[in-house]
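The following exercises are intended for a reader who is meeting this structure for the first time. Please attempt each task before reading its solution.

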Amino acid sequence: MTAANRADNPISLVTNGNADSQTPFSTATIMMVDDEPTTIEILEMFLRSEGYERFVHTSDPTEAIGLARNARPDVLLLDVMMPEVSGLELLQTIRNDEDLQYLPVIILTSATEPETKLQALELGATDLLAKPVDPSELSLRLRNTLAAKTYQDRLAYYDRLTGLPNRRLFTDRLERTLQRARSREIDCALLHLNLDRFKKVNDALGHHVGDALLQAVAARIEQSIRPGDFVGVPELPEIHDPLSRVGGDEFSVLLPGAGSVEGASRAAARLLESLADPFQVEEHELFVNASVGIALFPTDGEDITTLMANADTAMSHAKKRGRNCFQFYEASQNSESAKRLNLESQLHRAIDRKELVLHYQPKADVATDRITGVEALMRWDHPELGLVGPDQFIPIAEETGLITALGEWALRTACEQNRAWQEAGLEPISIAVNVSAKQFENEAFVDVIQRALQQSGMDPRHLILELTESVIMANPTQTATMLDAIKAMGARTSVDDFGTGYSSLSSLSRFPIDELKIDQSFVSNLPGDENDAAIANAIVLMGHSLGLTVVAEGVETVEQLAFLAGRACDTYQGYLRCKPIPPEALEKLLQTEAAKTRR
């Protein structure tokens with residue numbers, strides 16, 4: 001079924017909008033409510049001769065609402081004058097019903113009073129027909145009503161960009177499918193898909209390219225879904241379009257009768273495989289990956305809210321696993337997600353509550369073991385959890401955008417602390433502060449640095465800003481501009497975790513960098529590992545050839561320090577010298593070392 005002609009019985013969208021067709025709107029469901037069975041028989045006989053095939057009807061007006069909710073008709077032919085419940089009373093109930101309020105209702109009335117017709121229109125009647133009904137007029141009015149409904153349903157239930165069912169239609173289908181599957185004990189599978197890093201396409205190439213890519217992705221995914229992915233179960237509603245676009249770059253696939261792990265795995269694997277080849281959009285060759293979460297009915301949820309939430313949770317865990325993969329829902333994921341959500345909520349208030357603190361790890365001269373500087377490391381002094389390490393909350397801050405506020409606070413606090421140590425009579429030392437990608441991408445970051453220095457009164461020469469290789473190489477032109485501005489104000493820059501990214505010393509030589517930090521993964525196996533020893537030695541030699549200070553991270557043994565001393569590494573930090581400690585403890589350590597020096 002094409003995007004322009006999608007239809008499905010749960011919503012009962014009409015599928016033939018051609019007025020000249022021999023059987024116009026043949027798939028539309030016509031509901032009739034009239035206390036005279038003969039009238040219903042006559043109307044149905046005529047409409048069948050016009051090509052209509054689907055009918056539901058009742059002569060008992062008290063049954064009408066329940067029948068309408070179950071049948072989901074496309075149009076209701078409703079008599080006005082009926083015992084027990086009048087047609088106008090039913091119309092008012094329909095317009096107040098969340099599920100039926102938009103149902104087209106054609107009122108059939110023998111009343112000639114203008115007041116009755118006016119009341120029907122005020123209550124929301126779509127059209128009115130006088131009884132006895134003229135067949136030709138009924139055919140025309142019915143066709144026009146269904147044509148209008150087709151257009152309205154297209155706007156309300158289908159995504160304009162891809163032509164796929166939207167979230168509203170998807171949730172309706174899912175609800176009705178689960179209702180029937182629940183009563184018949186039939187399993188189903190729900191696949192929730194999110195494109196990986198799609199935002200970068202919009203940001204780099206514009207939304208017109210992003211939209212074209214989404215259309216191409218939707219077509220690929222749709223072609224990957226095969227009839228064998230879901231078992232034909234007559235008791236379940238027929239799903240012509242199992243794929244829906246439920247968000248910007250999010251899609252859902254409903255597979256009725258295919259609730260086995262094996263079946264859902266095959267469908268998910270083929271879906272991911274369909275995206276493997278590059279997409280050609282205008283002059284751009286684009287590669288797209290996706291993360292897929294799978295929730296099975298009824299194992300992972302017996303209602304749409306739970307099932308959709310669990311499929312989304314599983315998708316998030318697929319992203320954490322490395323993206324471009326699928327993940328089934330597991331109950332433990334909810335516990336982890338709830339904990340993470342709670343941390344996120346509390347992290348928003350951590351700065352205002354003054355729960356964030358900085359600990360400082362000394363950096364010492366390899367030759368003299370004298371402390372020459374410190375690295376500021378953020379901790380969260382949580383009122384219930386105690387001291388929370390950065391590995392638990394920094395990823396959350398980066399995902400939510402809070403990292404910018406946290407980074408600015410850390411920079412300001414570190415500068416103020418360093419100035420306070422100097423005012424306490426300690427000799428000036430350098431203080432290194434980590435900079436996130438989001439901070440560095442912001443053109444206002446230079447102003448943030450300048451403001452922190454001015455407010456603290458700290459000499460810019462004592463500030464070192466630590467950047468990872470990936471941040472530096474993400475946008476070389478912007479990096480050069482930013483680093484030049486930092487250099488101009490007198491501060492220094494350091495490449496953190498060097499050796500783990502994609503840069504080289506030749507590429508880094510283009511930037512005004514002052515320091516390289518050998519990643520601790522290369523230090524931990526020294527001096528025994530020949531490869532790590534060769535890498536560490538090469539970094540020291542090449543760093544010195546470019547006039548850079550070389551710092552080794554994660555030094556924990558005397559043997560590691562001896563190796564670094566033998567290669568003339570400049571500075572080291574690690575538990576061998578001192579773990580990260582609060583500012584008060586570091587101040588005492590600096591005072592003790594200063595006293596030793598004076599002796």
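**Exercise 1.** Which residue in strand 4 is the bridge partner of Leu77?

*Solution.* The model is predicted: local features need pLDDT of at least 70, side-chain atom pairs count only at pLDDT 80 or more, and totals for chains, interfaces and linings use all residues. Residues are numbered from 1 along each chain as its sequence is written, and side-chain values use heavy atoms, with hydrogens and water left out.

Step 1. Locate the strands, which are DSSP runs (E, at least two residues; helices are H or I, at least four), numbered from the N terminus. Strand 3 covers residues 75-79 and strand 4 covers residues 105-109.

Step 2. Consider the pairing, which requires that DSSP finds at least two bridges between two strands. Strands 3 and 4 run parallel and are joined by four bridges.

Step 3. The partner of Leu77 in strand 4 is Ile106.

**Exercise 2.** Determine the strand order of the sheet that contains strands 3 and 4, and identify its edges.

*Solution.* Step 1. The sheet is open, with five strands in the order 2-1-3-4-5 and parallel pairing.

Step 2. Strand 2 (54-58) and strand 5 (127-130) each have a single partner strand, so one side of each lacks a neighbour in the sheet.

Step 3. Helix 5 (residues 135-157) packs on this sheet and touches strand 1 (29-33), strand 3, strand 4 and strand 5; contact means heavy atoms within 4.5 Å.

**Exercise 3.** Describe how helix 6 and helix 10 meet.

*Solution.* Step 1. The axes of helix 6 (residues 167-184) and helix 10 (residues 304-320) come within 10 Å and cross at roughly 120 degrees. Axes are lines fitted to C-alpha atoms, for helices over the stretch in contact, and angles run from 0 to 180 degrees between N-to-C directions.

Step 2. The two helices are therefore oblique to each other; angles under 35 degrees count as roughly parallel, over 145 as roughly antiparallel, 65 to 115 as roughly perpendicular and the rest as oblique.

Step 3. Arg167, Phe170, Thr171, Leu174, Glu175 and Leu178 of helix 6 meet Ile304, Leu307 and Met308 of helix 10.

**Exercise 4.** Which parts of the chain does the salt bridge between Arg69 and Asp97 link?

*Solution.* Step 1. A salt bridge is a side-chain nitrogen of Lys or Arg within 4 Å of a carboxyl oxygen of Asp or Glu. The closest N and O atoms of Arg69 and Asp97 are 2.4 Å apart.

Step 2. Arg69 lies in helix 2 (residues 64-71), whereas Asp97 lies in the loop between helix 3 (87-95) and strand 4, 28 residues apart.
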